Amino acid sequence: MKLLPLLLVPSCLLANSLFAATSPASAEDSSALPADEELATSSLSAAQRAAEEKSAAAASAATEQAIEAANPKHLPAFPGAEGFGALATGGRGGTVYHVINLNDDGPGSFRDAVSQPNRTVIFDVGGIIKITKEVDVSSNITIAGQTAPGDGICIYGNGVSLGGQSNIIVRYMRFRMGIAGDRGKKSLGMDKASNIIVDHCSIEWGRWDDIGITVGSNNITFQYCIMAEGIDPQSFGALIDTVTNITLSHNLWMSNESRNPKAKGTVQYINNVVYDWGITGLCGGHSGANHYLDVINNYFIKGPASNNQMAGQFLPTDHVFQDGNLVDFDRDGQLKGRPVTTADFTDKNGVPTFVKTPSMHPAIAVTTESAAAAYAKIVADVGCSLHRDAVDLRLISELTSLGTKGHTLDHKDAKGEALAGGLGEIKGGAAPTDTDGDGIPDAWETAHGLDSKNPADAAKLDASGYSNLEVYLNSLATPALSARG
């Protein structure tokens, strides 16, 4: 195991105790959840709801102050980082940790790598890491999945949690829970979390939702990710609850019965594609609290499992700005959606309050394009796309059938992911030689005038403002970045 200190710019050491969960039933506490968590909180008083909103807003304000102090020049986490989580600095200022095996725990494992803060995690192995219990990720960490050789890396098993943590960058990872995971959990979950960006990840087979962003979490971006095929006992994409400043951009949500996502808080939803929902596509908060949702230039495409409810579960407390969205109900193999109307958001639950201007304005705005252009980029680049494995290739094939292929997995069937063919193979490979263990291969250092025997040069900043280590890590994503245009 290589664990070397780097003299990088000091980390953004955000406080992990900024948040006070006031909800009487955390969405992450799933041991005795009803069929819909909101049933447990439907009797909240107006005062309790107001307290929840005030707590979430205060947590977000504190986070934004800490971000501004640590990153006043607003340098993105990496080129192409956008939205409310784009100012994370991750492991800058810490050590480099090399994951050298596929073990569940112990020295050189992924679990050990993320167990301590202030690290950049490099993968010297590719393949499947099978975990038997949830992995807890610490603060001030960069998880550089793009460094994994071969087909990349997959965390398979009982879920990964960023709960209670801050300042995290996650790129090019696969998080797949599967039926062996605990009932009621997420493939990737976070509560009371802040200043996080998750980019180009494939997040599937959660046993309640694929992802959870809850209980005061704030200033978070999910971009270019796949959230698909939730399994027993639910089949949901994401629960986003009691949160502030969440960006969901250029993601693929598919083959989930509902919650693509459920949006309760202040949420920016731009250039996503929702395919083959079951009962409902995009869900409102449908509760007594006030929620704010910007729905801009997304594409909703009906699949074999879908009804005509591309959005629903809204109440007047959901304040929605919607513009440029398209929906294709034809299931005829052709992309020819019509403009979404306000009526498309109405179901038996009610109708939202439509507003005339967007509510969310992050420091680094999302580059917004038409719904059709977003669909094309998602097909080309979404998920752990540097080396798509069999699962994601199948999902993209179903998406591009434009209504003729795909299905939600029976959430009453304990076979879980086996209903879709299972995990398959993710091939490993040989890591490039890194003599000084600084995270940068010798060949790259030589080509860029660095010293492959001096780990300190990885910390030096170039003209872009990034360290040499970050420049190298960012270069590995260049094919995907160029595909975005």
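A search for disulfides across the whole of this predicted model finds zero of them. It helps to recall what is being looked for: a disulfide is a covalent bond between the sulfur atoms of two cysteines. Two cysteines show how the search comes out. For C154, the nearest cysteine sulfur belongs to C384 and is 8.7 Å away, and C154 is in no disulfide. What about C225, and how far is its sulfur from the closest cysteine sulfur? Here the partner to consider is C201, at 4.8 Å, and this is too far for a bond because the two sulfur atoms of a disulfide must be within 2.5 Å. Are these two cysteines buried or exposed? C154 has 0% relative accessibility and so counts as buried, and C225, also at 0%, is buried as well.

The cysteines belong to a protein of 485 residues, of which 62% count as buried. Its secondary structure comprises seven helices and 28 strands. Contacts that link distant parts of the sequence are well represented: among contacts with a separation of 6 or more, 72% join residues 24 or more positions apart. On the outside, the accessible surface comes to about 16,500 Å², with 55% of this area belonging to carbon and sulfur atoms.

Attention now turns to the interior. In soluble globular proteins, nonpolar side chains tend to be buried together. In this model, the largest nonpolar core holds 58 residues, and the members that touch the most others are M173 and F222. The strand that gives the most to this core is β17 (residues 236–249), with five residues. A second core, separate from this one, has 27 residues, including I128, L252, A371 and L395.

What surrounds M173? Beyond its neighbours within four places in sequence, M173 is in contact with F110, F123, I143, G145, I153, I155, H200, C201, S202 and C384. Two cysteines from the disulfide search, C201 and C384, thus reappear among the contacts of M173.

A final example is T266, a residue of strand β19 (residues 262–270). With a relative accessible area of 17%, T266 counts as buried, because the cut-off is under 20%. A polar atom of the T266 side chain lies 2.7 Å from the backbone nitrogen of N245. Leaving out residues up to four places away in sequence, T266 touches N245 along with V243, T244, I246, Y292 and M360.

Note on methods:
Residues are numbered from 1 along each chain as its sequence is written. This is a predicted model: local features need pLDDT of at least 70, side-chain atom pairs count only at pLDDT 80 or more; totals for chains, interfaces and linings use all residues. Side-chain values use heavy atoms; hydrogens and water are left out. Helices (H or I, at least four residues) and strands (E, at least two) are DSSP runs, numbered from the N terminus. Buried means under 20% relative accessible area, exposed over 50%, partly exposed in between (1.4 Å probe, protein chains only). Contact means heavy atoms within 4.5 Å. Accessible areas come from the Shrake-Rupley method with a 1.4 Å probe; for residues, only the protein chains shown count as cover. A nonpolar core is a set of buried Ala, Val, Leu, Ile, Met, Phe, Trp, Tyr and Cys residues joined through side-chain atoms within 4.5 Å. A polar contact is a pair of N or O atoms within 3.5 Å; within protein, one must be able to donate a hydrogen and the other to accept it, and residues adjacent in sequence count only if both atoms are side-chain atoms.
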